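Student: I'd like a close look at a single part of this model, please. Could you begin with one residue and then work outward?

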Amino acid sequence: MVIPIYNEEQILERSVGELVAGLGALGIDFEIVLAENGSRDRTVAIAEELAARWPERLRWFSYPEPNYGGALREGIFRARGRFLVCEEIDLCDVDFHERALALLRADEADLIIGSKAMAGAHDHRPVFRRAATRVYNAMLRASLGFSGTDTHGLKAMRRSVLAPIAARCIVDYDVFASELVIRAEREGVRMLEIPVEIEEKRAPSINLVQRVPRVLGNLGRLMVSIHLGRDLGDIGKRRS
């Protein structure tokens with residue numbers, strides 16, 4: 001599994017310890033890849049300690065800047081298992097692992113989305129964050145034709161199917177996770193959504209309001225790429 005981490009010294013050791021214990025109790029053969037990106041606290045030092053504690057279970061690397069999407073994509077490329085779970089350090093939902101891996105092993109789908117917005121889900125985050133999720137998903141449906149209920153958060157996938165799609169994605173930061181799901185849907189990847197229960201262990205590491213301009217810019221770039229078959233970066237190069 002891949003877990004992006006940024007300034008997580010308060011919860012990193014406890015969250016990883018609980019995840020290792022929970023997956024071990026299920027008898028799952030697993031490896032954790034911590035995708036550190038631009039942390040300024042003790043996150044790197046703690047990641048090193050955890051890798052020394054569980055050398056056969058945990059690896060980590062550093063992405064050069066605070067960039068959730070870039071770190072997640074690099075982690076997907078570095079992962080080695082047949083099945084890959086993209087986790088969140090403030091969630092670490094063992095129940096999702098068990099249910100999603102059962103569906104992948106049964107060949108029910110190639111991508112499982114843990115939806116916090118579909119019927120049966122329980123989202124215990126603050127009301128502002130729940131509302132932001134619904135507004136963002138409505139924008140994805142209106143602008144990019146997404147037919148699901150969620151793109152950001154827990155995912156489980158057949159790595160051989162999704163890694164090539166990740167390599168074709170053009171945006172980073174928060175929108176990469178959405179682009180991966182949307183491109184997978186548009187390319188006919190077999191997808192399933194399953195409801196999850198979300199109760200975060202800490203406030204977001206990056207202020208939600210501060211994310212908005214970058215999210216809107218990356219969404220615009222993604223719309224151009226998908227609807228016109230080109231990347232804004234390439235357009236800029238041709239004009240210069």
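In which helix is M139 found?

Tutor: Happy to! M139 is found in helix α5 (helices are DSSP H or I runs of at least four residues, strands E runs of at least two, numbered from the N terminus). Please keep in mind that this is a predicted model, where local features need pLDDT of at least 70 and side-chain atom pairs pLDDT 80 or more, while totals for chains, interfaces and linings use all residues. Residues are numbered from 1 along each chain as its sequence is written, and side-chain values use heavy atoms, without hydrogens or water.

M139 counts as partly exposed because its relative accessibility is 33% (buried is under 20%, exposed over 50%, partly exposed in between, with a 1.4 Å probe and protein chains only). Together with V135, V212 and L216, M139 forms a nonpolar patch on the surface, and the four share about 330 Å² of accessible area (Shrake-Rupley method, 1.4 Å probe, only the protein chains shown as cover). Patch members have over 30% relative accessible area and no salt bridge, with like charges joined within 9 Å and nonpolar side chains (Val, Leu, Ile, Met, Phe, Trp, Tyr) within 5 Å. Two helices contribute: α5 (127-144) and α8 (208-228) each supply at least two residues of the patch.

From that surface patch, let's turn to strands with good cover. Strand β2, residues 32-37, has six of its six residues buried. The cover is on both faces, with I32, L34 and E36 on one side and V33, A35 and N37 on the other. Strand β1, residues 2-5, pairs with β2 in the parallel sense over four bridges (pairing takes at least two DSSP bridges between two strands). Two of the partnerships are easy to find: P4 has A35 as its bridge partner in β2, and I5 has E36. Strand β1 is covered on both faces as well: V2 and P4 are buried on one side, I3 and I5 on the other.

On another flank, β2 runs parallel to strand β3, residues 58-63, and six bridges join the two. Here N37 stands opposite Y63 in β3. The connection from β2 by way of helix α2, residues 43-53, to β3 makes a right-handed β-α-β unit (right-handed: with the strands pointing away from the viewer, the path from the first strand over the helix to the second runs clockwise).

Helix α2 also brings us to charged pairs. The structure holds 16 salt bridges (a Lys or Arg side-chain nitrogen within 4 Å of an Asp or Glu carboxyl oxygen). One of them joins the side chains of R53 and E13, with N to O at 2.8 Å. This pair links distant parts of the chain, since R53 belongs to helix α2 and E13 to helix α1, 40 residues apart. R53 counts as partly exposed because its relative accessibility is 42%, and E13 is partly exposed at 37%.

Now compare that with pairs inside one helix. R78 forms a salt bridge with E74, and their closest N and O atoms are 2.9 Å apart. Because they sit four residues apart in helix α3, residues 68-78, R78 and E74 are separated by about one helical turn. R78 is partly exposed at 38% relative accessibility, and E74 is partly exposed at 25%.

R183 and E179 make another such pair, their side chains meeting in a salt bridge at 2.6 Å, N to O. They too are four residues apart, in helix α7 (residues 175-186), so about one helical turn separates them. Both R183 and E179 are buried. Elsewhere, salt bridges that share partners join D107, D110, R158 and R190 into one network.

Finally, the cysteines. A search of the whole structure finds zero disulfides (a disulfide is a pair of cysteine sulfur atoms within 2.5 Å). C92 is in none, its nearest cysteine sulfur being that of C86 at 13 Å. C92 counts as buried because its relative accessibility is 11%. C169 is in no disulfide either, and the nearest cysteine sulfur, again that of C86, is 11 Å away. C169 likewise counts as buried, with a relative accessibility of 7%.
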